[in-house]
Amino acid sequence: MAVRIGELLLKEKKISPQQLQEALNYQKAHGGKLGFNLVKLGYVTEEEVTALLSKQYGVPAINLTQFEIDPHVIKLVPADTAQKYQIIPINRSGATLTIAMTDPTNVFAMDDIKFMTGYNVEPVVSSEVAVLEAINKYYGAPGHSTTPALRPAATSRTPPPPTATSGPSMLDVATRALEELPLDDADGDVEVLEDMEELDVSQVERASGEAPVIRLVNLVLMSAIHKGASDIHIEPYEREFRVRFRIDGILYNIMSPPMKQRDAISSRIKIMAKLDIAEKRLPQDGRIKLRINDNGKSKEIDFRVSTLPTLFGEKIVLRLLDRDKLMLDMTKLGFESESLAKFEAQIAKPWGMVLVTGPTGSGKTNTLYSAISKINTSETNIMTAEDPVEFNLPGVNQVLVREAIGLNFAAALRSFLRQDPNIILVGEIRDFETAEIAVKAALTGHLVLSTLHTNDAPSTISRLMNMGIEPFLVASSVNLICAQRLVRRICTKCKQPHPLPLQALLDVGFTDDEASVVTPMKGAGCQACNNTGYKGRVGLYEVMDVTEGLRELILVGASALELRRKAIEDGMITLRRSGVRKIGEGVTTIEEVVRETMK
């Protein structure tokens with residue numbers, strides 16, 4: 001093609017034979033296309049080359065410097081693809097996407113973009129210089145760009161972006177997950193266990209069974225596993241369809257599949273989870289069990305699937321349940337030594353109630369499973385009611401709660417009491433009926449473990465009484481309440497001192513003596529932590545042992561504030577204090593503790 005351009009320029013008398021030869025010699029020495037080198041040497045203008053290409057290929061020419069492109073159109077083509085083929089999407093009309101190219105004969109580029117976007121591709125020609133400038137303008141400089149959709153999720157919990165000198169961001173690395181897992185290999189590494197029945201739903205089902213959709217869904221699942229994500233969010237909006245991963249508690253935008261594939265992707269996931277793909281008006285819950293090939297080893301991973309009808313389609317959230325990441329050693333969860341001693345003492349008692357509280361995703365299930373694993377012996381009968389059962393524990397009788405058929409927590413608890421249990425785990429106390437049966441079980445010789453959604457340990461007492469449990473029953477049954485949060489650990493590979501002003505340390509909760517000697521740490525960002533400065537998470541724990549003094553306050557209906565003061569007098573370490581200790585130990589940062597706790 002390069003010589004053809006030279007010949008045409010000669011024929012049009014735009015350049016001389018000597019100039020053509022000099023450009024060819026320059027091309028051999030420096031590379032690049034002949035048209036680009038002719039412009040660089042000043043022998044022709046960009047407009048002349050563009051007009052010639054338009055005439056040669058019979059496609060319209062465009063001056064990109066005078067054209068403003070809609071960001072929604074830019075999002076249709078990833079930055080890597082644009083740089084690879086030297087193209088830029090400029091307009092979408094109906095089912096047709098117009099792209100500016102330096103080489104309109106590149107059918108591979110057009111086929112790839114057609115497959116990727118689902119649109120018919122219409123090429124126009126532009127000079128190489130103009131296309132490269134447009135790519136830099138809309139995507140960023142080569143080597144540092146991601147697709148426009150790959151930005152941190154816009155929430156107050158998102159950490160600030162790294163500085164220009166900190167190297168590639170977490171989002172750059174997360175984005176490359178799609179490159180690290182070749183599309184052609186994704187379907188070979190994933191096997192859906194327990195084959196589904198054929199579901200007779202016409203067009204959407206056929207679309208969800210097509211190879212590109214299957215490969216794309218497999219690719220997303222594999223990418224989430226490899227990147228250590230805890231959740232996958234698949235979210236439809238009016239003009240955007242995005243996929244986000246929650247990694248170490250923070251949501252990151254990963255990709256924006258074509259809007260045309262929205263229904264096919266959601267249907268594919270619903271088929272894998274044995275859900276009704278024809279039902280789009282009601283929420284559904286299911287489970288996907290995959291066997292993947294992880295570095296030559298076969299590994300099983302469960303995904304808990306939840307679908308929710310929204311204004312523009314079904315939002316799907318998949319929670320990854322990887323047994324290899326379930327930490328059952330209580331000494332490694334993050335408990336302070338005093339708090340751990342109190343917790344272990346209470347779960348060793350023959351009866352009473354131990355409650356673990358915190359928001360969704362704060363590690364409550366892991367704490368309860370760790371407690372059960374510690375007290376699980378051949379002499380005990382342990383029964384659990386869970387919604388859903390997240391991990392299978394050997395030697396434990398686990399019951400899956402099914403509200404639809406009347407098997408709720410209260411019904412399961414009633415049956416448990418006729419099964420001669422020693423220890424009962426209730427997934428969550430949601431209502432008065434469940435709370436009442438759990439309290440009665442704790443008062444009649446059973447150890448009851450359960451969870452509640454409250455902000456801290458003292459407010460759990462108020463929550464139980466608000467549900468309708470009498471104060472004397474709460475005071476008699478509850479032995480211990482543990483509130484918890486998860487914060488990100490500083491990466492051990494790039495940890496370095498990060499001195500802060502004395503007042504900042506005092507404000508976060510350090511005493512005068514501690515603030516004068518402590519040196520906070522921070523991760524500088526490295527390859528091991530994907531340049532975030534954080535790797536993994538650790539728990540903050542507020543363990544309130546219900547002492548005799550606290551029982552007396554509960555009986556007289558004391559407020560959560562009064563209970564909190566008394567608990568601190570009795571030696572309770574608060575969530576903020578637990579975080580302050582971990583800052584002093586160099587485990588986490590002030591930003592993480594402030595984000596998750598209150599003073």
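Buried, as used in these legends, means under 20% relative accessible area and exposed means over 50%, with partly exposed in between.

**Figure 1. Overview of the predicted chain.** The model shown is predicted, and its chain of 599 residues has 50% of them buried. The fold is built from 26 helices and 19 strands. Among contacts between residues at least 6 apart in sequence, 65% join residues at least 24 apart. The chain exposes about 28300 Å², of which carbon and sulfur atoms supply 51%, and the structure holds 30 salt bridges; the following views show some of these pairs.

**Figure 2. The salt bridge between Glu300 and Arg291.** The closest N and O atoms of Glu300 and Arg291 are 3.3 Å apart in this salt bridge. Arg291 has a relative accessible area of 27% and is therefore classed as partly exposed, the class that lies between the limits of 20% and 50%. Glu300, with a relative accessible area of 39%, is likewise partly exposed.

**Figure 3. The salt bridge between Glu235 and Arg244, and the network around this pair.** Salt bridges that share partners join Glu235, Arg242, Arg244 and Lys315 into one network. Within that network, Glu235 pairs with Arg244, and their closest N and O atoms are 2.7 Å apart. Glu235 counts as buried because its relative accessibility is 4%, and Arg244 also counts as buried because its relative accessibility is 8%; both values fall under the 20% limit.

**Figure 4. The salt bridge between Arg319 and Asp231.** The side chains of Arg319 and Asp231 meet in a salt bridge with an N to O distance of 2.6 Å. This pair links distant parts of the chain, since Arg319 belongs to strand β10 and Asp231 to strand β5 (residues 231-236), with their positions 88 residues apart in the numbering. Both Arg319 and Asp231 are buried.

**Figure 5. A nonpolar surface patch that includes Phe312.** Tyr237, Leu311 and Phe312 make a nonpolar surface patch of about 310 Å². Phe312 is located in the loop between β9 (297-310) and β10 (313-321). With a relative accessible area of 31%, Phe312 is partly exposed, and Phe312 can therefore be counted in a patch, for which the residues need over 30% relative accessible area and no salt bridge.

Terms used. Residues numbered from 1 in each chain as written. Predicted model: local features only at pLDDT ≥ 70, side-chain atom pairs only at ≥ 80, totals over all residues. Heavy atoms only, no water. Patch = residues over 30% accessible without salt bridge, like charges linked within 9 Å, V, L, I, M, F, W, Y side chains within 5 Å. Areas by Shrake-Rupley, 256 points an atom, 1.4 Å probe, with all protein chains shown as cover. Salt bridge = Lys/Arg side-chain N within 4 Å of Asp/Glu carboxyl O. Helix = DSSP H or I, 4+ residues; strand = E, 2+ residues; numbered from the N terminus. Buried < 20%, exposed > 50% of the residue type's maximum accessible area, 1.4 Å probe, protein only. Contact = heavy atoms within 4.5 Å.
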